[in-house]
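Colleague: I am new to this structure and would like to learn how to read it. Could you take me through its features one at a time?

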Amino acid sequence: MQSIRAHRTGPPSVLHLEEVDRPEPAAGEVLVQVQAAALNPPDWYARGGYQQIPEGLRPPVPLPYTPGTDVSGVVVGIGPGVTGWEEGDEVLGLLRFPRGGTGSARGYAQFTTAPVEDLARKPSHIDHIHAAAIPMAGLTAWQYLTEYAPIESGQTVLVNGAAGGVGHFLVQLARRAGARVVAVASTAHADFLRGLGVDEYIDYTTTHVADAVKDVDHVFDTVGGPNGHLLIPAIRDGGVISPVFFGDYGEDELVRRQIRHLGGQVRSNGNQLADLVKLVASGDVRVAVDEVYPLAQAEQAHERAERGHIQGKLVLEVTH
Ligand SMILES: NC(=O)c1ccc[n+]([C@@H]2O[C@H](COP(=O)([O-])OP(=O)(O)OC[C@H]3O[C@@H](n4cnc5c(N)ncnc54)[C@H](OP(=O)(O)O)[C@@H]3O)[C@@H](O)[C@H]2O)c1
């Protein structure tokens with residue numbers, strides 16, 4: 001089969017399409033003929049050798065490395081002990097995250113193995129490209145809102161990075177939970193976010209968030225980084241900051257204003273994914289795909305990802 005592999009960590013050009021052996025499903029796994037695989041930040045963090053993390057703390061990247069945790073495809077083989085899944089089933093999933101460690105999912109390939117507990121069934125009217133775009137970003141939003149950092153109906157919720165993979169799920173799920181949603185994104189995403197039904201949109205390229213909005217109950221920050229603290233004046237005393245990525249929020253100020261700091265790490269979960277897929281299938285939640293690349297152009301897709309300003313998701317289409 002064909003698979004993307006990197007034999008060293010580095011820039012997107014380390015990704016090559018190669019001929020490799022088809023994997024065998026282990027106990028509790030199925031073999032999936034991959035039709036589409038979405039890109040996620042951990043794919044390019046690992047490919048680049050985790051340069052964002054201080055040396056000494058960087059996780060090892062097993063080589064050769066095949067990125068890809070999010071797939072949609074068709075079951076074509078059944079491993080020992082698997083019941084309830086059959087060849088021909090259409091599935092999607094966030095594979096072995098984070099429990100398998102870097103490189104354990106290997107979605108950028110024509111075939112991959114998948115633990116059945118990580119999978120949900122794909123409704124026939126959602127295509128594989130859009131299905132592959134759901135798992136990691138959608139489950140992150142789902143787990144933040146239901147487990148790590150729940151919100152209450154009637155609250156004002158601000159999503160920073162609202163047009164991105166995680167952000168566009170967060171704004172929609174927060175609205176469904178009854179929140180008034182303020183979305184922060186660059187100029188190009190204004191119409192997109194209004195189309196998702198946000199109550200207020202702030203263009204961070206022209207406006208300081210804290211000048212435009214005050215007394216927010218809960219901020220979800222998918223951007224993080226050294227400017228995270230600029231969001232804090234927009235939050236009411238006793239409110240919540242939920243970093244989806246590490247940010248510098250000024251711990252002393254959080255303590256002084258009794259702002260809680262709530263977050264967590266997304267995990268594979270086929271049952272939660274199935275619940276989210278129902279909302280996509282009914283049209284209640286929209287999945288946005290920014291661009292689609294053929295598997296052989298994983299390098300170009302990673303270059304695009306590194307340029308940022310993504311609206312929804314980038315997806316690789318896999319042909320056979
Ligand atoms: N905690 C977890 O388990 C978990 C799970 C998934 C992802 N993450 C992390 O969450 C982050 C977001 O992931 P993602 O997949 O959503 O990434 P993404 O699709 O690249 O989205 C990031 C979004 O942020 C926007 N943005 C960039 N700079 C901004 C700024 N200064 N202010 C406001 N918006 C800005 C970008 O577009 P514009 O600049 O054009 O608006 C883009 O739409 C990543 O760092 C990822 O590693 C964590």
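Colleague: What sign does phi of Gly178 take, positive or negative, and where does Gly178 lie relative to α4?

Modeller: Gly178 comes just after α4, and its phi is positive, about 95°. Helices here are DSSP runs of H or I with at least four residues, strands are runs of E with at least two, and both are numbered from the N terminus. This is a predicted model, in which local features need pLDDT of at least 70, side-chain atom pairs count only at pLDDT 80 or more, and totals for chains, interfaces and linings use all residues. Residues are numbered from 1 along each chain as its sequence is written.

Colleague: Which residues other than glycine have a positive phi?

Modeller: Tyr50 is one of them, with phi near 55°, and Gln258 is another, also with phi near 55°. Tyr50 sits in the loop between α1 and β4, while Gln258 is in the loop between α7 (251-256) and β13 (260-261).

Colleague: How do I judge whether Tyr50 is buried, partly exposed or exposed?

Modeller: Count C-beta atoms, placed from the backbone: a residue is buried if 20 or more others lie within 10 Å of its own, exposed if 12 or fewer, and partly exposed in between. Tyr50 has 18 other C-beta atoms within 10 Å, so it is partly exposed. Gln258 has 10, so it is exposed. Across the protein, buried residues make up 47% of the 320 residues.

Colleague: How does α4 look by that count, and how many of its residues are buried?

Modeller: Ten of its twelve residues are buried, so α4 is largely enclosed by the rest of the structure. Among them are Gly165, His168, Phe169 and Gln172. For length, the expected span of a helix is 1.5 Å times one less than its number of residues. From first C-alpha to last, α4 reaches 18 Å, close to the expected 16 Å.

Colleague: What do the buried residues of α4 pack against?

Modeller: A contact means that two C-beta atoms, placed from the backbone, lie within 7 Å. The buried residues of α4 pack against α3, β8 (156-160), β9, α5 (190-195), β11 (216-221) and β15 (313-317). Take Leu173, which lies in α4: with 22 other C-beta atoms within 10 Å, Leu173 is buried. Leaving aside residues up to four places away in sequence, Leu173 touches Ala141, Trp142, Leu145 and Val285.

Colleague: Which residues come nearest to the ligand?

Modeller: Nearness is again judged from the C-beta atom, placed from the backbone, which must lie within 6 Å of the molecule. Of the 27 residues around the ligand, Gly161, Gly164, Gly165, Phe245 and His309 come nearest. At least two residues of the shell come from each of α3 (135-148), α4 (165-176) and β9 (180-185).

Colleague: How many residues of that shell are nonpolar, polar and charged?

Modeller: Ala, Val, Leu, Ile, Met, Phe, Trp, Tyr, Cys and Pro count as nonpolar, Asp, Glu, Lys and Arg as charged, and the others, Gly among them, as polar. The shell has 14 nonpolar, 13 polar and no charged residues.

Colleague: What domains is the protein divided into?

Modeller: Domain bounds come from an automatic or database domain assignment. Here they give domain 1 (2-136 + 266-317) and domain 2 (150-261). Their C-alpha centres lie 28 Å apart, and the contact takes ten residues from domain 1 and twelve from domain 2. On the side of domain 1 that touches domain 2 there are three nonpolar, four polar and three charged residues. Each domain also gives at least three residues to the shell around the ligand.

Colleague: Where are the cis peptide bonds that you would show me?

Modeller: One joins Leu63 and Pro64, with omega about -5°. Pro64 is in the loop between α1 (41-47) and β4 (70-78). Another joins Phe97 and Pro98, with omega about -10°, and Pro98 lies in the loop between β5 (90-94) and β6 (111-115).

Colleague: To finish, how many helices and strands are there in the protein?

Modeller: There are nine helices and 15 strands. Of the contacts with a separation of 6 or more, 66% are between residues 24 or more positions apart.
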